[in-house]
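Open the model in your viewer and keep the selection tool at hand. The stops below go from one whole chain to single elements, and then to a contact between chains.

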Amino acid sequence: MAILLFADHDNASLSDHSARALTAARQIGAEVDILIAGQGAAPAAEAASVLQGVRRVLLAEAGALAERLAEPCAALIVSLAGDYDTILAPATSSGKNVLPRVAALLDVMQVSEVTEVVAPDTFKRPIYAGNAVEVVQAPGSVRVLTIRSASFQPAETGAAAPITAIEMPEATALSSFRQNVLSHSDRPELSSAKIVVSGGRALGSKERFEEIINPLADKLGAAVGASRAAVDAGYAANDYQVGQTGKVVAPDLYIACGISGAIQHLAGMKDSRIIVAINSDAEAPIFQVADYGIVGDIFEVLPQMERAL
Amino acid sequence: MKILVPVKRVVDHNVKIRVKSDGSGVDLANAKMSMNPFDEIAVEEAVRLKEASAAAEVVVVSVGPAQAQEVLRTALAMGADRAILVLAEGRVEPLAVAKILQRVAAAEEAGLVILGKQAIDDDCNQTGQMLSALLGWSQATFASKIELTGDSARVTREIDGGLQQIEVTLPAVVTADLRLNEPRYASLPNIMKAKKKPLVQQTPEEVGVDIAPRLNVIRVEEPATRAAGVKLASVDELLGKLKTEAAVL
């Protein structure tokens with residue numbers, strides 16, 4: 001049987017998370033269909049169709065799907081479920097919103113945040129903020145999974161697969177979309193950036209966060225992240241948060257600035273290839289996971305780094 | 001309107017857990033247990049809605065062992081009116097919890113369910129969405145703001161790119177994110193008062209739900225550990241290492 005991948009996209013483009021989830025899907029089985037639910041989403045469907053290993057792209061367009069609200073998306077996926085034995089999505093805010101709803105409607109348990117495919121029905125996933133890893137087998141005729149995209153490489157592009165338009169089933173509208181207030185940035189996207197510069201509570205204010213973190217990030221072509229403490233204090237927007245309940249990142253280089261290294265933060269970045277920690281407290285737990293550390297004042301060290309690059 | 005707030009007893013967020021050496025699970029013997037932090041936020045939000053006269057009653061419910069009474073008492077001390085404990089030992093999966101909550105929400109005729117977006121033990125992030133699906137209600141996950149407006153609620157959600165505002169028809173299930181509010185500490189008089197508030201116990205059989213797990217946990221492993229790094233004396237030394245040894249610049 002086949003695999004259905006509920007893609008993460010914004011109608012105009014396909015997110016990198018979808019290409020990463022496709023890699024996980026291909027480790028489970030060979031026949032993968034990508035579902036693009038949206039409105040005016042042909043560009044996203046075309047981007048999905050050229051990913052290597054896609055059998056076909058299903059494009060469902062309707063006003064109710066434009067912002068991928070949970071209720072219509074789940075109804076759409078359930079209407080297609082009979083043809084698939086695995087339904088998966090990247091564990092983005094969209095996938096996490098929609099797939100458990102699908103699982104409940106199909107009366108199956110979801111396996112959340114898969115980091116490794118052990119067998120087509122057996123997966124590894126982190127629990128307790130990544131302090132333990134559960135190896136879990138999902139029996140039954142259908143499996144519902146969310147994929148932690150930082151754990152998989154994006155699929156390459158190749159020959160174009162066919163795009164098939166499909167109908168949205170009738171569903172009562174329970175929710176309506178009002179507006180998105182999105183952060184606009186010329187920097188790379190946090191979850192897929194090669195380098196991330198993250199700031200913590202030690203920055204002390206929003207102004208100082210921007211003065212100290214942003215120039216270094218820009219010099220490195222890096223994304224900017226933040227600890228929960230920094231976001232709670234209002235130094236950075238919520239979508240900058242790296243951690244157990246924020247974004248999980250695994251860049252080539254993660255530079256933690258003035259971040260102590262709470263368990264919840266480590267859960268979101270400890271799979272980075274190289275970790276650098278800069279902190280005035282030599283005993284901060286962040287140094288236990290850092291490849292390179294500098295014990296020092298971030299307000300001196302970061303400008304120095306920026307100048308030296 | 002009645003608000004139902006499901007709460008889970010989990011290992012305290014400050015406890016560093018240990019994987020059992022035989023791979024059978026996580027060692028929680030003698031570990032400090034608390035209310036799941038996201039559920040605390042949900043309780044706070046419900047109590048604030050009641051204080052603002054937007055809700056008539058706040059009922060808290062937990063699915064768990066007898067000791068889960070402690071977290072229910074904490075919720076009562078924060079201002080909830082009464083509590084229901086559905087006694088269940090061992091691993092109860094989100095799907096089973098959602099089925100129990102579905103029955104409880106229907107029996108209580110709740111108009112709104114607010115719960116944490118995720119439990120910090122199994123990190124599943126499923127129960128609210130599953131409950132909403134089973135009830136056929138509208139769903140607003142990862143809420144950082146809830147405004148009730150008659151027969152609907154305007155909810156601001158934390159999404160990957162920023163914030164999203166949606167309007168959900170009531171009854172609805174809303175899951176709480178970190179920045180929805182800052183939960184209060186219960187005062188000593190309120191803790192004393194909470195001891196007298198009603199707490200009823202039920203079993204999953206009485207509720208009519210089979211809680212047998214669907215997933216087979218084959219084993220629980222230690223995560224990969226990172227080798228200890230080095231502390232460097234200067235920025236120049238750091239940049240040198242990043243360029244040559246690590247080759248990331």
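This is a predicted model. Keep that in mind at every stop.

**Stop 1: chain B as a whole.** Select chain B and show its C-alpha trace, which spans about 65 × 45 × 40 Å along its principal axes. Switch to a cartoon, and the secondary structure of chain B comes to seven helices and 15 strands. Of its 249 residues, 48% count as buried. Contacts in chain B between residues at least 6 apart in sequence include 70% that join residues at least 24 apart.

**Stop 2: strand 4 of chain A.** Select residues 84-90 of chain A, which form strand 4. Six of these seven residues are buried, so the strand is largely enclosed by the rest of the structure. Which strands pair with strand 4 of chain A, and in what sense? Add residues 2-6 of chain A: this is strand 1, and it runs parallel to strand 4, joined by four bridges. Here I3(A) stands opposite T86(A). Now add residues 143-147 of chain A, which are strand 9. Strand 9 also pairs with strand 4 in the parallel sense, over five bridges. To find one of the paired positions, label L88(A) in strand 4 and its bridge partner L145(A) in strand 9.

**Stop 3: helix 4 of chain A.** Move on to residues 93-105 of chain A. Is helix 4 of chain A enclosed or open, and why? Of its 13 residues, 11 are buried, so helix 4 is largely enclosed by the rest of the structure. The buried residues include the charged-side-chain positions K96(A) and R101(A), along with V98(A), L99(A) and V102(A). Just after the helix, select D107(A), where phi is positive at about 55°.

**Stop 4: helices 5 and 8 of chain A.** Select residues 206-220 of chain A for helix 5 and residues 298-308 of chain A for helix 8. Two packed helices are described by the angle between their axes and the distance between the axes. For this pair, the axes come within 9 Å and cross at roughly 25°. An angle under 35 degrees counts as roughly parallel, which makes helix 5 of chain A roughly parallel to helix 8 of chain A. The crossing is left-handed. Show side chains for I212(A), P215(A), L216(A) and K219(A) in helix 5, which meet I298(A), F299(A), L302(A), M305(A) and E306(A) in helix 8. By class, the residues of this contact are seven nonpolar, no polar and two charged.

**Stop 5: L266(A).** Center on L266(A), in helix 7 (residues 263-266) of chain A. Is L266(A) buried or exposed? It counts as buried because it has 24 C-beta neighbours inside 10 Å. Apart from neighbours within four places in sequence, L266(A) is in contact with G261(A) and V289(A). Then draw a distance from the C-alpha of L266(A) to that of A129(A): the two are 8.2 Å apart in space and 137 residues apart in sequence.

**Stop 6: the contact between the chains.** Show both chains and color the contact, which takes 68 residues from chain A and 62 residues from chain B. The side of chain A that touches chain B has 37 nonpolar, 19 polar and 12 charged residues. Finish on residues 175-182 of chain A and residues 162-169 of chain B, each of which is strand 11 of its chain. Seven bridges join these two strands, and they run antiparallel. Label F177(A) and I166(B) to see one of the bridge partnerships across the contact.

Note on methods
Residues numbered from 1 in each chain as written. Chains lettered and ligands numbered in written order. Predicted model: local features only at pLDDT ≥ 70, side-chain atom pairs only at ≥ 80, totals over all residues. Buried ≥ 20, exposed ≤ 12 C-beta atoms within 10 Å, placed from the backbone. Contact = placed C-beta atoms within 7 Å. Axes fitted to C-alpha atoms, helices over the stretch in contact; angles between N-to-C directions. Parallel < 35°, antiparallel > 145°, perpendicular 65-115°, else oblique. Left-handed = near helix turned anticlockwise from the far one by under 90°. Pairing = 2+ DSSP bridges.
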